[in-house]
Amino acid sequence: MLTPVLFGVSGLDEKAAAIPLEIFLALIGIVLLTPVFQPEQSPDINDLIASKYVNILSVYMIRILYSLLVLFIILAVFVCYMGICNCEVSICLLLGTVAEAMFLGSLGMLGAAVTNHTAVAYSFPLLYYILNYGTGRKLGNFYLFSMREGQYTTAGWLFMTSVVLIFLALFIKYLQRKKS
Amino acid sequence: MLFRKEFNKVVFSVSYLIFVLVLVLALTSQGVMNYKGEELEPPQPGQNYGVKNKEIPELIMPVALESLYQEFSANSYTTYPIGFYKNVKLNDRKQEEIAQILSELTGIDKMELYSSVNEADGENGVSYVISDSGEMKENEDGSFSISHEEPEESAGEEELNLILLPDISYEEFRNAMKQVDDILGGGSKYEADALIRFGTVPVSYEEAWEEYELVKTVDYMTGGYARLFSDYAGVMVCSIFPVFLAVVLCMKDRSSRMTELIYVRTRSSASLVFLRFLALLCAVMLPVIICSYYSNWSVWSMYPDMKLDYLAPLKYDIAWILPSVMMSTAVGMCLTELTDTPIAIAVQGFWWFLDVNAGYKTLERAYGLFRLAPRHNADISTRFRTVDFMEHMQDFITNRLLMAGLAILLIVITIMLYEGKRRGKSSGIDKIKAIAADVSYRRNQSEA
């Protein structure tokens with residue numbers, strides 16, 4: 001909600017419109033996806049869930065799917081708002097932002113799965129975000145701020161990698177549950 | 001004893017391992033962990049010594065005018081109204097106002113200026129060059145026509161001779177640029193104190209030599225490298241990541257169900273909280289100091305016959321980085337104690353985000369009063385801009401003392417919150433839940 005105040009979203013061309021989306025809006029992925037495993041991090045709740053017939057992985061998938069849906073809706077609404085403010089927005093811009101948000105969120109999810117601590121898990125996507133400020137283009141196809149330069153191919157890479165990371169996080173949770 | 005326990009709790013945790021990895025990775029990515037090959041050579045006659053900004057009206061006015069016309073032509077103005085990058089596109093009325101100002105400065109008719117921009121873009125605002133000798137234009141009826149003649153340059157561009165009128169004084173020019181800045185909403189490169197950036201002049205041999213001498217006598221060579229290390233360490237890691245350690249440590253009591261057991265101990269809240277704070281600071285600063293010395297050590301062999309300041313890394317770690325670490329840690333401890341949630345990560349993350357992006361305009365130096373991480377990004381190519389650092393030393397000291405003072409204040413508040421909890425007074429999220437439950441109970445009672 002602060003984005004229009006901080007950045008100004010009126011009358012931007014496509015490259016300029018990508019800036020607030022890449023820098024700010026994409027961070028919503030971290031907020032929505034990283035805490036997917038949080039409820040089960042409490043030992044009491046974990047024991048309770050483990051005693052249920054329902055497969056915990058299906059519960060995680062439901063959480064991931066509705067988090068992604070909310071993510072898409074939020075970004076779509078904001079992109080529409082930018083369009084109303086005479087910005088040159090497009091479906092590619094929206095999907096690119098979704099891909100970036102998913103990537104950051106999936107990094108947090110993987111961190112949460114590995115460390116079993118949501119607070120610590122937030123540091124993974126944050127570190128990656130910081131690295132993009134400094135080293136940026138050296139990250140190649142995983143550079144987060146490429147849409148401002150008119151490059152949309154990285155969005156595909158970010159999306160595919162985010163899907164892989166999400167499934168990897170689920171696999172790690174499966175192994176942890178099997179071990180316990 | 002308690003200090004050692006808290007210290008061990010921090011350093012023997014996964015979050016601490018991640019912090020150290022983050023520190024090393026982030027600094028290595030910026031090339032400040034090893035300065036081998038980055039020796040500051042004494043300036044030699046005939047070299048390029050870089051550029052500097054100087055307020056020379058004869059230099060600034062034409063360059064600023066050209067820049068304004070370029071942005072006017074594209075109707076795309078870059079501003080930093082609250083420190084953040086913002087691209088401004090003006091409506092027709094405001095574009096005419098800009099055209100009016102350009103007209104007053106150059107003597108060119110406003111309508112000619114305004115229409116030349118539209119003509120240069122073609123009848124429908126778009127023209128395409130499809131080969132060196134071909135040009136495709138969209139006609140009024142939507143069809144396209146291709147011309148194989150040499151594309152004519154825009155009549156407007158050819159005829160426009162953007163020269164400042166000779167009777168325009170620098171003061172009048174500054175006032176005109178101020179009007180432009182107001183139209184753009186502030187924060188543009190045409191505001192009064194930003195105009196100097198248009199006056200870039202080469203640094204002379206004598207000036208370069210003076211700057212080199214300052215590096216020798218003030219920084220003792222190592223200080224400049226230590227300052228660059230602190231700049232990156234502060235902004236990338238030390239003003240944000242310590243909050244994770246603080247949150248994890250403070251929430252550990254609750255997650256281990258030790259809170260009530262600790263509450264009944266005889267040790268005072270002040271002692272408990274302060275030692276925890278101290279343990280966090282020591283744990284964070286330990287790898288920072290090691291990395292800073294590792295980084296600076298690579299410099300020592302580069303200047304064998306010179307007097308070096310071997311304490312420079314430690315001085316900058318304490319004076320530059322430590323206050324940022326203190327603030328980040330204090331925010332983490334205070335908000336975690338207040339709410340029993342990791343909300344401190346979001347709060348500190350937001351502050352860090354604003355701090356980093358607000359410095360976008362002033363990447364080279366930023367010593368604002370409430371800067372979480374001051375900036376002084378200068379390497380050997382600019383001879384570490386020791387002069388600039390010395391000139392802003394007062395602002396820097398004020399900022400660092402303020403950050404340290406605010407951090408101590410937050411720790412005092414944390415002690416009070418902790419003491420309140422020990423005495424059975426709920427706070428933060430518990431208090432909100434209690435109030436909500438009370439309201440719900442009263443409503444149920446009244447309905448019954």
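Visitor: Before we start, what does "buried" mean here?
Guide: This is a predicted model, and burial is judged on its protein chains only, with a 1.4 Å probe. A residue counts as buried when its relative accessible area is under 20%.

Visitor: Is A:Asn132 buried or exposed, then?
Guide: A:Asn132 sits in helix H8 of chain A. Its relative accessible area is 2%. The cut-off is under 20%, so A:Asn132 is buried.

Visitor: Which backbone oxygen does the side chain of A:Asn132 reach?
Guide: Setting aside neighbours within four places in sequence, A:Asn132 is in contact with A:Leu139, A:Phe142, A:Tyr143, A:Leu144 and A:Phe145. Its side chain also gets to a backbone oxygen, at 2.7 Å. That oxygen belongs to A:Tyr128.

Visitor: Which helix gives the most to the side of chain A that touches chain B?
Guide: Let's look at the contact, which takes 31 residues from chain A and 30 residues from chain B. On the chain A side, helices H1 (3–7), H2 (14–23), H7 (118–121) and H8 (123–134) each supply at least two residues. With nine residues, the top contributor is H8(A).

Visitor: How many salt bridges are there between chain A and chain B?
Guide: The area buried between the two chains is about 2,600 Å², and carbon and sulfur atoms give 77% of it. Counting residue pairs in polar contact, both at pLDDT 80 or more, gives zero between chain A and chain B. For salt bridges between these chains, the count is zero.

Visitor: By class, how many charged residues are on the side of chain A that touches chain B?
Guide: That side has 20 nonpolar and eight polar residues. The charged residues there number three.

Visitor: Which chain A residues are in contact with B:Trp352?
Guide: B:Trp352 is one of the residues that touch the most other members of the largest nonpolar core, a set of 142 residues. Leaving out neighbours within four places in sequence, its chain B contacts are B:Val235, B:Ser239, B:Ile240 and B:Leu372. From chain A come A:Leu126, A:Tyr129 and A:Ile130.

Visitor: And what is the relative accessible area of B:Val288?
Guide: B:Val288 belongs to helix H12 (residues 269–300) of chain B. Not counting residues up to four places away in sequence, B:Val288 touches B:Leu23, B:Phe229, B:Cys238, B:Asp317 and B:Ile321. B:Val288 is buried, and its relative accessible area is 0%.

Visitor: What separates the C-alpha atoms of B:Val288 and B:Leu314?
Guide: Along the chain, these two are 26 residues apart. Between their C-alpha atoms, the separation is 9.6 Å.

Terms used
Residues numbered from 1 in each chain as written. Chains lettered and ligands numbered in written order. Predicted model: local features only at pLDDT ≥ 70, side-chain atom pairs only at ≥ 80, totals over all residues. Heavy atoms only, no water. Core = buried A, V, L, I, M, F, W, Y, C linked by side-chain atoms within 4.5 Å. Buried < 20%, exposed > 50% of the residue type's maximum accessible area, 1.4 Å probe, protein only. Contact = heavy atoms within 4.5 Å. Buried area = accessible area lost by both parts, 1.4 Å probe. Salt bridge = Lys/Arg side-chain N within 4 Å of Asp/Glu carboxyl O. Polar contact = N/O pair within 3.5 Å; in protein donor to acceptor, adjacent residues only side chain to side chain. Helix = DSSP H or I, 4+ residues; strand = E, 2+ residues; numbered from the N terminus. Nonpolar A, V, L, I, M, F, W, Y, C, P; charged D, E, K, R; others polar.
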